[in-house]
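Grab your viewer and work through the exercises below. Each one sets a task and then walks through a solution.

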Amino acid sequence: MAVRHRSAYRRYLFFRRLRTGLTVLCGLAGLVLCYLMYRNLVQNGLPLHLTEFVPLLGVLLLSVAGPWLLVSLFVRKPSEL
């Protein structure tokens, strides 16, 4: 019984660390992507109103929330197994 509990706890820690790592990496990639999209808007000479920033915020939100939500499906506390 104790071995099973330890294995479940290791699995829980692995997926929790994976979720955090992927969220950080994808969040940084989202920041870079938003910066490149912003630079493209500036180079094209578009007036920067709030409507141009909505897609940038959407990309940033999806880049952080996507990995968190996907990996969270596999994160189960040992007491929930």
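**Exercise 1. Check the length of helix 2 against the ideal rise, then look for a bend and for buried positions.**

Step 1: Helix 2 covers residues 50–72, 23 residues in total. Helices here are DSSP runs of H or I with at least four residues, numbered from the N terminus.

Step 2: The expected span is 1.5 Å times one less than the number of residues. For helix 2 that gives 33 Å, and the end C-alpha atoms sit 32 Å apart, so the two agree.

Step 3: Now the axis: helix 2 bends by about 25° at Ala65, with a proline, Pro67, following within four residues. The bend at a residue is the angle between axes fitted to the seven residues ending there and the seven starting there.

Step 4: Leu56, Ser63, Pro67 and Val71 are the buried residues of helix 2. Buried means under 20% relative accessible area, exposed means over 50%, and partly exposed is in between (1.4 Å probe, protein chains only). For background, an α-helix has 3.6 residues a turn, so residues three or four places apart point the same way.

A word on the ground rules: this is a predicted model, where local features need pLDDT of at least 70 and side-chain atom pairs count only at pLDDT 80 or more, while totals for chains, interfaces and linings use all residues. Residues are numbered from 1 along each chain as its sequence is written, and side-chain values use heavy atoms, with hydrogens and water left out.

**Exercise 2. Find what Phe15 and Arg19 touch, and say whether each is buried or exposed.**

Step 1: Place them first: Phe15 is in helix 1, and so is Arg19.

Step 2: Phe15 has a relative accessible area of 16%, so Phe15 is buried. Arg19, at 14%, is buried as well.

Step 3: Skip residues up to four places away in sequence, and Phe15 touches Val71, Phe74 and Val75. A contact means heavy atoms within 4.5 Å. With the neighbours within four places set aside, Arg19 contacts Trp68, Val71, Ser72 and Val75.

Step 4: For a distance check, take Phe15 and Leu73: they are 58 residues apart in sequence, and their C-alpha atoms are 9.5 Å apart.

**Exercise 3. Trace the contacts of Thr23, Cys26 and Val64.**

Step 1: Thr23 belongs to helix 1 and counts as buried because its relative accessibility is 13%. Leaving out neighbours within four places, Thr23 meets Val64, Pro67 and Trp68.

Step 2: Cys26 is also a helix 1 residue, but at 29% relative accessibility Cys26 counts as partly exposed. Beyond four places in sequence, Cys26 touches Ser63 and Pro67. Pro67 is thus a contact of Thr23 and of Cys26.

Step 3: Flip to Val64, which sits in helix 2 and is partly exposed at 35%. Its contacts, with neighbours within four places left aside, are Thr23 and Gly27.

Step 4: Two C-alpha distances to try: Val64 to Arg16 is 15 Å across 48 residues of sequence, and Cys26 to Ala8 is 27 Å across 18 residues.

**Exercise 4. Work out which residues Tyr38 contacts, and how accessible Tyr38 is.**

Step 1: Tyr38 lies in helix 1, which runs over residues 2–43.

Step 2: Its relative accessibility is 29%, so Tyr38 counts as partly exposed.

Step 3: Once the neighbours within four places are dropped, Tyr38 is in contact with Leu48, Phe53 and Leu56. Leu56 is one of the buried residues of helix 2.

Step 4: Tyr38 and Leu48 are 10 residues apart in sequence, with 9.1 Å between their C-alpha atoms.

How values were computed
Helices (H or I, at least four residues) and strands (E, at least two) are DSSP runs, numbered from the N terminus.
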